[in-house]
Amino acid sequence: MVYKNFIAGSWADGNDATRNINPSDTNDVIAEFARGSAEDVDRAVEAARTAFPAWSRSTPQRRHDILKRASDEVITRADELGRILSREEGKTLAEGIGEATRAGQVLGFFAGECLRTGGESIPSVRPGVGVEVTREGVGVVGLITPWNFPIAIPAWKIAPALAWGNCVVFKPADLVPHSAWMLTDILVRAGLPEGVLNLVMGRGSVVGERMVSHPGIDAVSFTGSVSTGRRIAAGCVGSQPMKKIQMEMGGKNPFVVLDDADLDVAVEAALNGAFYSTGQRCTASSRLIVTEGIHDRFIEALSQRMTALRVGNALDEATQIGPVVDQSQLDTDLEYLERGQSDGAHLFAGGGQPRVNTPGYYFAPALFTEVKSDMAIAREEIFGPIASVIRVRDYDEALAVANDTDFGLSAGIATTSLKHAADFRRNAEAGMVMVNLPTAGVDYHVPFGGRKGSSYGPREQGAYAREFYSTVKTGYTAH
Ligand code: NAD
């Protein structure tokens, strides 16, 4: 079976199709998925532009009801959707089901947001004049998503886009089309009019590039790597008209452990942050910055927990760490394992390719110690289950090392000191700060995003999503 694109209200064949392979078992071909062309993007944009006037003026109740129906269906089918997700991406079943549930919750939140759109009435500085500040949809938005959250990220872009009356051209990552297809199918059946949501699966270099250059797209929200983000941002600003942009990119997130930390809390948070979801989270704790007094106890306890994690087939209930997503990511992880050692870090535990009884891209979580802040493993985003421990003297050095990075998405600290927790919350150069919690794992009703090389443009999620998905109009009326 070939799963089709959804363009202008109907399912459409592509010129080409790609096979979707299960990373836990490369003999398992999930299905074939259409690969769209530049012409498919053109048709999708035209349909979206045609739909925009009516959709953007539809009642909040109508938009609410559609998003609510989709939310209910995603939550009801979370087990099935989670299994589909885990099969194509490789995160564990529990993580896949959790992510599907989250996507449903996000849709539910933005159903509510449809009913919370309002404006401001402001007295003018001139007599006899009234001022009204209102928000409108931006127009046609292009949404480009990565493979590591195959349903949650699409949901947290599509839902606010629709809530604010925008029409959408959605391009998921090539590796995870099934989750994107399922989400689109659910939203369409929830009652979206023709042209409001278009799914164009396919290559970034074909479908993505056309979206970036297309004059009919008003805004692009992207999540993915820094290099792709930079290229898309330049393309959007260089196109006519200039497009509004929102870029969520990489991370190299620090997790500081101070001498006064509760060891169990610190180890649990580091284990989760560094290795769960196979380390393939933009918010993963890849740098563990540990003060001298607790250093040896911390690495001993963490490595014991880490080496006990069960690496295996994502669809096996007992698995705690699924495979990495594909051969290229596996090669990257293996290269960094070598690079860390040749740069002088100590591979304290783990690493390598464990034997699992299905052929897949398996990699054992790895812990490096004696890492220096200028080593490649401490500076570059690996996007795998590899954590680097950097030993520091005290809190001040820990903070300096935490901020010694080109990225700024999430930062965490384990401490029982209110003073240090408060100081870290204020001075960590990151969009999100966690105290005694993993750097990964966030709420859906509050802003998500980072600073420095991690993000560009307005935040995603929660009520703040409106900064990107709506545009402000200031209306003056003479009385
Ligand atoms: P990627 O940059 O390779 O691809 C992301 C998307 O961009 C895909 O849909 C891809 O097809 C598309 N694309 C590629 N080239 C393009 C082009 N020239 N024009 C238009 N579109 C193009 O990223 P990935 O490997 O899918 O995802 C992993 C990356 O995503 C990591 O760096 C990770 O940190 C990041 N990420 C960031 C966040 C965040 O919110 N900050 C969340 C999740 C993932």
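A polar contact is here a pair of N or O atoms within 3.5 Å. The views below show a predicted model.

**View 1. Polar contacts between the ligand and the side chains of K171, R231 and E381.** In the side chain of K171, an N or O atom is 2.8 Å from an oxygen atom of the ligand. E381 also faces a ligand oxygen atom, with an N or O atom of its side chain at 2.6 Å. For R231, the partner is a nitrogen atom of the ligand, which lies 3.3 Å from a polar atom of the side chain. The ligand taken alone exposes 850 Å², of which the protein buries 87%.

**View 2. The shell of residues around the ligand.** The ligand is surrounded by 27 residues, and the closest are T145, S225, M249, C282 and E381. By character, the shell comprises 13 nonpolar, 9 polar and 5 charged residues. The ligand takes up the space of the largest pocket.

**View 3. Elements and domains that contribute to the shell around the ligand.** At least two residues of the shell come from each of α7 (204-213), β11 (219-223) and α8 (226-238). Domain 1 (2-249 + 454-478) and domain 2 (254-435) each provide at least three residues of the shell.

**View 4. The cis peptide bond from Q240 to P241.** Omega of this bond is near -5°. P241 belongs to the loop that connects α8 with β12 (244-248).

**View 5. The backbone at E370, a residue other than glycine with a positive phi.** The phi value of E370 is near 55°. E370 is placed in the loop between β16 (366-369) and α12 (376-379).

Note on methods:
Residues numbered from 1 in each chain as written. Predicted model: local features only at pLDDT ≥ 70, side-chain atom pairs only at ≥ 80, totals over all residues. Heavy atoms only, no water. Near = heavy atom within 4 Å. Polar contact = N/O pair within 3.5 Å; in protein donor to acceptor, adjacent residues only side chain to side chain. Areas by Shrake-Rupley, 256 points an atom, 1.4 Å probe, with all protein chains shown as cover. 1 Å grid on protein atoms, 1.4 Å probe; cavity = no way out; pocket = protein on both sides within 12 Å on 5 of 7 lines; lining within 4 Å. Sits in = over half its atoms within 2 Å of the grid points. Helix = DSSP H or I, 4+ residues; strand = E, 2+ residues; numbered from the N terminus. Nonpolar A, V, L, I, M, F, W, Y, C, P; charged D, E, K, R; others polar. Domains from an automatic or database assignment.
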